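Me: I have a structure open and would like to go through some of its strands and its surface. Can we start with the pairing?

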Amino acid sequence: MTKAHVLKYLRTIHGWLGVIIVPWIIIIGATGFYLNHSRMVLGWFQGPDYSEEQLLTWEGAHQVDSVAAAAIAAQYWPDEPLPAPEAVTYHDFVAYQFDRPSGLVIVVRESGHYYVKTDYSRRTYAPDGTLVDNERYWSRIFKELHTRGWLGGTLGRWLADITALSMVMFGMTGIVLWWLPRARKFRRALGLGN
């Protein structure tokens with residue numbers, strides 16, 4: 001293969017590697033900025049504060065037993081098995097917790113307000129089912145995007161590994177593309193001939 005053919009081949013590889021890794025370069029850059037300035041970045045995403053105490057006196061608030069709590073929990077992820085409730089204290093409230101494969105449903109015994117939690121969010125509902133707050137776990141989201149390049153499961157780890165290897169190859173092909181056209185000039189400058 002001539003040097004021109006090698007350069008053409010490497011430019012093609014280098015270009016396609018660049019197309020593949022650009023989304024992850026942007027993600028890694030943005031989430032890296034978050035890791036260095038987490039307090040400032042999280043300030044951009046925070047919603048308005050509210051008091052959960054208001055939920056105790058919300059219209060329709062009433063004490064619930066484990067059967068009523070199970071009925072609330074059954075509304076979420078209905079295809080998954082509903083375990084027996086676990087007695088917990090959550091946000092200083094005595095509650096029933098249902099640990100399902102897709103997340104948690106936590107029902108406060110005193111008022112019937114409840115929380116639906118996943119790996120990346122927590123939604124708070126009033127006793128009548130009104131959505132009161134929708135909090136995203138931005139810190140967890142940004143850290144997972146930075147380390148995996150994707151949210152959730154094995155696919156994210158595979159994509160992160162492919163991206164990491166692509167970045168290594170991108171750097172190596174870039175070095176070769178920079179070096180090959182200049183190699184003769186460097187050899188001449190060092191007095192090593194052609």
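Reply: Start with Ser121, which stands opposite Arg136 in S6. Keep in mind that this is a predicted model.

Me: How do S5 and S6 pair, and over how many bridges?
Reply: S5 and strand S6 (residues 131–136) are antiparallel, with 5 bridges. The hairpin of S5 and S6 has 5 residues between the strands, and Gly129 there takes a positive phi near 95°.

Me: Which strand pairs with S5 over 4 bridges?
Reply: That is strand S4 (residues 114–117), again in the antiparallel sense. Tyr114 has Tyr125 in S5 as its bridge partner, and a hairpin of 3 residues links S4 to S5.

Me: Is S5 mostly covered or open?
Reply: Mostly covered. Strand S5 covers residues 121–125, and 4 of its 5 residues are buried.

Me: Now S1 and S2. How many bridges join them?
Reply: There are 5 bridges between strand S1 (residues 86–90) and strand S2 (residues 93–100), which run antiparallel. Tyr90 is partnered with Phe93 in S2.

Me: What is His91 doing in that hairpin?
Reply: His91 takes a positive phi near 50°, in a hairpin with 2 residues between the strands.

Me: Different topic. Which residues form the positive surface patch?
Reply: Lys3, Arg182, Arg184, Lys185, Arg187 and Arg188. Helix H5 (residues 153–189) gives the most to the patch, with 5 residues.

Me: Why can Arg182 count towards a surface patch?
Reply: Arg182 sits in helix H5. Arg182 is partly exposed, with a relative accessible area of 32%, so it passes the cut-off of over 30% for patch residues.

Key. Residues are numbered from 1 along each chain as its sequence is written. This is a predicted model: local features need pLDDT of at least 70, side-chain atom pairs count only at pLDDT 80 or more; totals for chains, interfaces and linings use all residues. Side-chain values use heavy atoms; hydrogens and water are left out. Patches are made of residues with over 30% relative accessible area and no salt bridge: like charges are joined within 9 Å, nonpolar side chains (Val, Leu, Ile, Met, Phe, Trp, Tyr) within 5 Å. Accessible areas come from the Shrake-Rupley method with a 1.4 Å probe; for residues, only the protein chains shown count as cover. A salt bridge is a side-chain nitrogen of Lys or Arg within 4 Å of a carboxyl oxygen of Asp or Glu. Lys and Arg count as positive and Asp and Glu as negative; His and the chain ends are not counted. The place of a charge is taken as NZ of Lys, CZ of Arg, CG of Asp or CD of Glu. Buried means under 20% relative accessible area, exposed over 50%, partly exposed in between (1.4 Å probe, protein chains only). Two strands pair if DSSP finds at least two bridges between them.
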